[in-house]
Amino acid sequence: MASRHLRLLPLLCLAAVAVAAAAHDVSFDLRADLNHPYAGSSFSRHEAFRRAARASKARAARLTARLASVVLGTGGNISAADVPVAPLSDQGYSLTVGIGTPPQPHTLILDTGSNLVWTQCKLFRRTARQREPIYDPGESSSFAVLPCSSRLCQEGVFSFKNCTNNRCLYDDVYGSAETDGVLASETFTFGVHSEVSVPLGFGCGELSAGTLVGASGIIGLSPETLSLTSQLSVPRFSYCLTPFAERKTSPLLFGAMADLRRYKTTGPIQTTSILRNPVQTSYYYVPLVGLSLGTKRLAVPAASLAMNADGSGGTIVDSGTTVTFLVETAFRAVTEAVLQVVKLPVVNQTVEDYELCFALPRGTAMDAVQTPPLVLHFDGGATMSLPRDNYFQEPRAGLMCLALGKTPDGTMSIIGNVQQQNMHVLFDVRNQKFSFAPTQCDAI
C-alpha cells in the first residue's frame with residue numbers, strides 16, 4: 001500500500017490548492033502528438049505485433065475482471081498466474097507532457113479506460129525502472145499534496161484508498177501491474193503548436209508491481225472524476241491513430257480542435273451513442289449490434305453484444321488495448337466466416353497470443369492477400385468498415401493472423417486500437433456521442 005515507501009519532503013508545502021476551480025477557468029482547446037508504443041525501439045515489426053497482442057490479452061483480462069468485481073462481487077483481482085506479464089508501455093500510445101514548475105518532461109500512456117493521471121515520483125523509494133528521470137516534486141514550486149477532505153480524494157475510485165496524516169493514499173491494480181501513491185496537485189503543460197498549462201489532481205507514486213519501460217505513468221481519459229477530461233470539463237476529444245506498423249506520431253485533439261468536420265476524411269462521418277453503464281463508469285460503451293464480413297451479415301445475436309441491466313456485457317472503445325476482443329459467440333461467427341473466404345492453410349498450433357493464423361505462400365507478404373472488410377454495425381445505422389490491415393497482422397514472416405481475441409459470453413467486448421488505425425474517432429463527452437470517419441491520420 002502507499003504508506004509502505006512514502007517519505008515526506010519537509011521542504012514541500014503540503015497545503016491543498018483549489019484544483020477543480022482553477023482548472024475550470026482554463027480553455028483546453030489544443031492539439032498534442034501521441035507517441036507510438038514502440039517508437040524508437042529496436043523491436044522488429046513482427047516482434048512489436050507479438051508483444052502488443054500479449055499485452056492486450058493481459059489488459060482484456062484486467063478489464064473484464066474489474067467489471068466482474070462490480071457486477072458480481074467477485075473481487076475482480078487477477079493474479080500474475082492468470083495474466084501474461086507485459087510492460088504497461090506495450091499497451092497503448094503515449095503523450096509527452098511537462099509536469100511541474102518549471103516543467104519536467106514525462107511520458108504518460110494515454111488510456112480511455114483509466115481515471116487517474118499518475119506518474120512515478122521521488123516521494124517514493126522503490127520506483128520501477130523507467131528510461132526517463134523520475135519526476136521530482138522537490139524541484140517544482142507548484143506541487144502540493146491534496147488532503148483527505150478534497151473532492152478528488154472523496155469521489156475518486158481506487159482499488160484501495162486510505163487517509164493517513166491527512167494524506168490521501170491510494171492503490172490501483174492493472175492486471176499484472178500495481179501502482180500506489182498519494183494524491184497531489186501539480187501544473188501540467190500540454191500542446192504541440194501552442195502550449196497550455198493547467199492545474200491537475202494527480203497520483204504521485206510508484207509502480208509497485210509490473211514494469212513501465214518506455215513511460216513513467218498514465219493519463220486517464222475515462223468518464224470518471226479523476227480523469228483529465230473530467231477535471232478540466234473537456235466537452236470532447238478525438239484522436240487519429242496512424243497505422244500500427246509505421247510507428248508514426250498520431251494527433252490527439254481536445255475541445256474546439258476535436259471536430260471531425262475540420263479535417264479531411266476518406267469516408268463519411270458517422271455517429272452513434274455513448275452508453276452509460278449503471279455500475280461501471282470507467283469505460284466508453286457503444287451500442288455494437290452486429291458484424292459483417294464483406295456484404296455477408298454474420299449470425300451474431302445483438303443480445304450477445306448488448307449491455308445487460310446489471311451492467312455486464314456491452315462493448316467499449318479502448319485506446320489501450322491493441323487487438324479487439326469479442327464475446328465468444330461473435331468471435332466464433334467471425335472466425336467461421338474468415339475461414340470461408342481466406343483460402344490459405346491454417347496453422348494448427350497456437351501461435352503466440354493469436355487465436356487463428358494462416359500460412360502465407362513462400363516469399364509472399366500479407367499485403368498480397370485480399371480480404372473483404374470486417375464491418376461493425378452500431379445501433380442507429382452507423383457502420384465502421386475495417387480493411388484487412390485493421391483486423392489481420394503478420395506477427396512472424398510467413399504468418400497472417402487474425403487480430404481478434406475472445407472473451408467469455410456475458411462479459412464485455414473491446415474495440416482495440418488496431419481496429420481504430422486510420423480512423424479519426426471522437427468522444428463527445430458532453431452530448432454522449434461517439435463519431436468516427438476513415439482518415440489518413442498522418443495528414444492531419
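Is R388 buried or exposed, and what is its relative accessible area? R388 is buried, and its relative accessible area is 14%. Its partner appears in one of the views below, all of which come from a predicted model.

**Figure 1. An overview of the chain, with its six helices and 27 strands.** Before zooming in, here is the whole chain. Of its 444 residues, 59% count as buried. The surface that the chain exposes comes to about 17,100 Å², and carbon and sulfur atoms supply 51% of that area. If we take the contacts between residues at least 6 apart in sequence, 73% of them join residues at least 24 apart.

**Figure 2. R388 and D389 joined by a salt bridge.** Here is the residue from the opening question together with its partner. The closest N and O atoms of R388 and D389 are 2.9 Å apart. R388 is buried at 14% relative accessible area, whereas D389 counts as partly exposed at 34%. The cut-off for buried is under 20%, so the 14% of R388 falls in that class. This pair belongs to a structure that holds eight salt bridges. Side chains of opposite charge can pair when their charged atoms come close.

**Figure 3. A salt bridge within helix α3, between E155 and R151.** The side chains of E155 and R151 meet with an N to O distance of 3.1 Å. Why are E155 and R151 separated by about one helical turn? They sit four residues apart in helix α3, which covers residues 151-155. Both ends of the bridge are partly exposed: E155 has a relative accessible area of 41%, and R151 has 37%.

**Figure 4. A network of salt bridges that links E246, K248 and D442.** Three residues share this view. Within the network, the side chains of E246 and K248 meet at 3.6 Å, N to O. E246 counts as partly exposed at 41% relative accessibility, and K248 is also partly exposed, at 35%. D442 is the other member of the network.

**Figure 5. The buried side chain of Q231 and its backbone neighbours.** Q231 is found in helix α4, residues 228-231. With a relative accessible area of 2%, Q231 is buried. What lies by its side chain? A polar atom of the Q231 side chain is 2.7 Å from the backbone nitrogen of G201. The backbone oxygen of L226 lies 2.8 Å from a polar atom of the Q231 side chain.

**Figure 6. Strand β10 with its partners β3 and β4.** Strand β10 covers residues 217-220, and its residues point in two directions. G217 and I219 point one way, I218 and G220 point the other way, and all are buried. Strand β3 (residues 104-111) pairs with β10 in the parallel sense over four bridges. Strand β4 (residues 117-120) runs antiparallel to β10, and three bridges join them. I218 is a handy residue to find in this view: it is the bridge partner of I109, and W118 stands opposite I218 too.

**Figure 7. An open sheet of four strands, in the order β16-β15-β20-β21.** The pairing in this sheet is antiparallel. β16 (296-297) and β21 (383-386) stand at the edges with a single partner strand each, so one side of each has no neighbour in the sheet. Helix α6 packs on the sheet, where it touches β15, β16 and β20 (374-378). The direction of α6 makes about 15 degrees with that of β15. Two bridges pair β15 (residues 288-293) with β16 in the antiparallel sense. Look for S292, which stands opposite R297 in β16.

**Figure 8. An open sheet of three strands, in the order β19-β23-β22.** This sheet also has antiparallel pairing. Its edge strands are β19 (357-359) and β22 (392-393), each of which pairs on one side only. β22 and β23 (residues 399-402) pair over two bridges, and F392 stands opposite L402 in β23. Helix α6 returns in this view. Covering residues 328-341, α6 lies across β19, β22 and β23 and runs at about 145 degrees to β23.

Terms used: Residues are numbered from 1 along each chain as its sequence is written. This is a predicted model: local features need pLDDT of at least 70, side-chain atom pairs count only at pLDDT 80 or more; totals for chains, interfaces and linings use all residues. Side-chain values use heavy atoms; hydrogens and water are left out. Two strands pair if DSSP finds at least two bridges between them. Contact means heavy atoms within 4.5 Å. Axes are lines fitted to C-alpha atoms, for helices over the stretch in contact, and angles run from 0 to 180 degrees between N-to-C directions. A salt bridge is a side-chain nitrogen of Lys or Arg within 4 Å of a carboxyl oxygen of Asp or Glu. Buried means under 20% relative accessible area, exposed over 50%, partly exposed in between (1.4 Å probe, protein chains only). A polar contact is a pair of N or O atoms within 3.5 Å; within protein, one must be able to donate a hydrogen and the other to accept it, and residues adjacent in sequence count only if both atoms are side-chain atoms. Accessible areas come from the Shrake-Rupley method with a 1.4 Å probe; for residues, only the protein chains shown count as cover.
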